[in-house]
Amino acid sequence: MSTLTIASDPQDAAAAEAVEAHHTQLAGELAGRVAMLIAAADADPAAADGVRAGLVDFCDRDLLPHAAAEEETLYPVAHDLPTARLLIDGMLAEHRRLTALVDALRTTGSAVRAATDSRALQVLFEEHLEKENTLVLPLLAGAPDISLAALLAGMHDLLGHGHEHGGAGEAATPGGGCGGACGCGGSDETEVPELDVRDVPHSLRHATVFGAIAAVPSGHAMILVAPHDPLPLLGQIEDRHRGAFAVDYLQRGPEAWRLLLTHR
């Protein structure tokens with residue numbers, strides 16, 4: 001059910017959409033980082049520790065504060081609704097499990113265990129957000145005596161402050177390199193982790209790539225496989241990481257575009 005169709009007023013509808021957009025961003029960035037950790041654990045366990053540490057930093061900076069903000073603003077009000085009390089109790093329990101998985105990632109010394117815990121974190125978080133989007137938000141937005149917009153006022157952590165990015169920056173023209181054949185991208189293509197986003201839902205695709213490239217250490221690279229020439233995405237990457245990534249096209253369609261993104 002769409003929160004827009006049941007919201008008690010337009011401001012509540014806009015607030016619900018803002019939360020859902022931030023959920024999409026968080027889920028995508030988490031998915032990208034997890035994909036890079038699993039790839040590193042499989043191909044280069046020595047590099048996996050840095051990727052794991054970056055994932056933990058992301059959780060500490062974005063994912064866990066988001067959960068804490070919900071507990072302070074949305075959950076207490078929703079818990080007072082008789083139809084939502086058991087649901088919110090379950091959501092709070094899931095927050096505890098999410099925190100436990102992040103703590104397990106924080107302390108593990110095993111690349112394989114880190115990859116396993118990260119995938120469990122991703123699955124649980126995506127299921128958790130689905131329940132927030134389809135159950136919690138509609139209940140709050142549709143209640144005539146509750147203002148969702150007022151609940152969220154000032155809660156910048158919940159609404160994704162600091163994650164606004166514009167259009168294309170001043171990136172060097174993609175495809176100006178050797179296409180990866182000479183190794184100037186910094187890695188042998190066979191050793192570079194590959195992120196294929198062709199089957200990733202469109203709403204999550206860019207955020208997934210942002211999370212993945214954020215996990216690429218300086219001097220390393222990743223291969224992006226896209227269903228079309230991702231020029232708008234490349235512009236957004238340049239806005240986020242000014243001058244940090246070199247782009248070489250390895251394949252230009254027709255079924256896939258494969259790009260080597262090298263962190264300078």
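**Exercise 1. Find where Pro-227 sits in this predicted model, and decide whether Pro-227 is buried, partly exposed or exposed.**

Solution. Start with the chain path: Pro-227 belongs to the loop that links β2 (221-226) with α9 (231-240). Next, check the accessibility. The relative accessible area of Pro-227 is 31%. Buried would need under 20% and exposed over 50%, so Pro-227 comes out as partly exposed. Now look for its neighbours. Leaving out residues up to four places away in sequence, Pro-227 touches Val-197, Arg-198, Arg-205 and Trp-257. One more pair to look at is Pro-227 and Asp-199: they are 28 residues apart along the chain, and their C-alpha atoms are separated by 8.9 Å.

**Exercise 2. Another proline, Pro-254, follows Gly-253: work out which loop holds Pro-254 and what kind of peptide bond joins the two.**

Solution. Go to the loop between β3 (245-252) and β4 (257-263); that's where Pro-254 lies. Then look at the bond from Gly-253 to Pro-254: omega is near 0°, and the bond is cis.

**Exercise 3. Step back and describe the whole chain: how many helices and strands does it have, and in what pattern do they follow along the sequence?**

Solution. Count the elements and you get 9 helices and 4 strands. Walk along the sequence and the pattern reads α-α-α-α-α-α-α-β-α-β-α-β-β. As for burial, 47% of the 264 residues are buried. Finally, take the contacts between residues at least 6 apart in sequence: 75% of them join residues at least 24 apart.

**Exercise 4. Work out how helix α5 packs against α2 and against α3.**

Solution. Two numbers do the job here: packed helices are described by the angle between their axes and the distance between the axes.

- Take α2 (residues 10-43) and α5 (residues 111-142). The angle is about 170°, and the axes are 9 Å apart. Because angles over 145 degrees count as roughly antiparallel, that is the label for α2 and α5. Sorted by class, their contact has 19 nonpolar, 4 polar and 5 charged residues.
- Now take α3 (residues 45-79) and α5. Their axes cross at roughly 20° and come within 11 Å. The cut-off for roughly parallel is under 35 degrees, so α3 and α5 are roughly parallel. The crossing is left-handed. Residues making this contact include Leu-55, Cys-59 and Leu-63 of α3, along with Leu-121, Phe-125 and His-128 of α5. By class, the contact has 16 nonpolar, 3 polar and 3 charged residues.

**Exercise 5. Zoom in on Leu-129: is this residue buried or exposed, and which residues does Leu-129 touch beyond four places away in sequence?**

Solution. First place the residue: Leu-129 is part of helix α5. Its relative accessibility is 4%, so Leu-129 counts as buried. Beyond four places in sequence, Leu-129 touches His-23 and Ala-27. Leu-129 and Ala-27 are 102 residues apart along the chain, with 8.2 Å between their C-alpha atoms.

**Exercise 6. Pick out the residues of the largest nonpolar core that touch the most other members, then trace the contacts of Ile-237.**

Solution. This core has 50 residues, and those touching the most other members are Leu-30, Leu-55, Leu-121, Val-209, Met-222, Ile-237 and Leu-261. Follow Ile-237 and, not counting residues up to four places away in sequence, you reach Val-209, Phe-210, Ile-213, Phe-245 and Leu-261. Apart from the largest core lies another one of 18 residues, with Ala-15, Ala-84, Leu-140 and Ala-141 among them.

Conventions: Residues numbered from 1 in each chain as written. Predicted model: local features only at pLDDT ≥ 70, side-chain atom pairs only at ≥ 80, totals over all residues. Heavy atoms only, no water. Axes fitted to C-alpha atoms, helices over the stretch in contact; angles between N-to-C directions. Helix = DSSP H or I, 4+ residues; strand = E, 2+ residues; numbered from the N terminus. Parallel < 35°, antiparallel > 145°, perpendicular 65-115°, else oblique. Nonpolar A, V, L, I, M, F, W, Y, C, P; charged D, E, K, R; others polar. Buried < 20%, exposed > 50% of the residue type's maximum accessible area, 1.4 Å probe, protein only. Contact = heavy atoms within 4.5 Å. Core = buried A, V, L, I, M, F, W, Y, C linked by side-chain atoms within 4.5 Å. Left-handed = near helix turned anticlockwise from the far one by under 90°.
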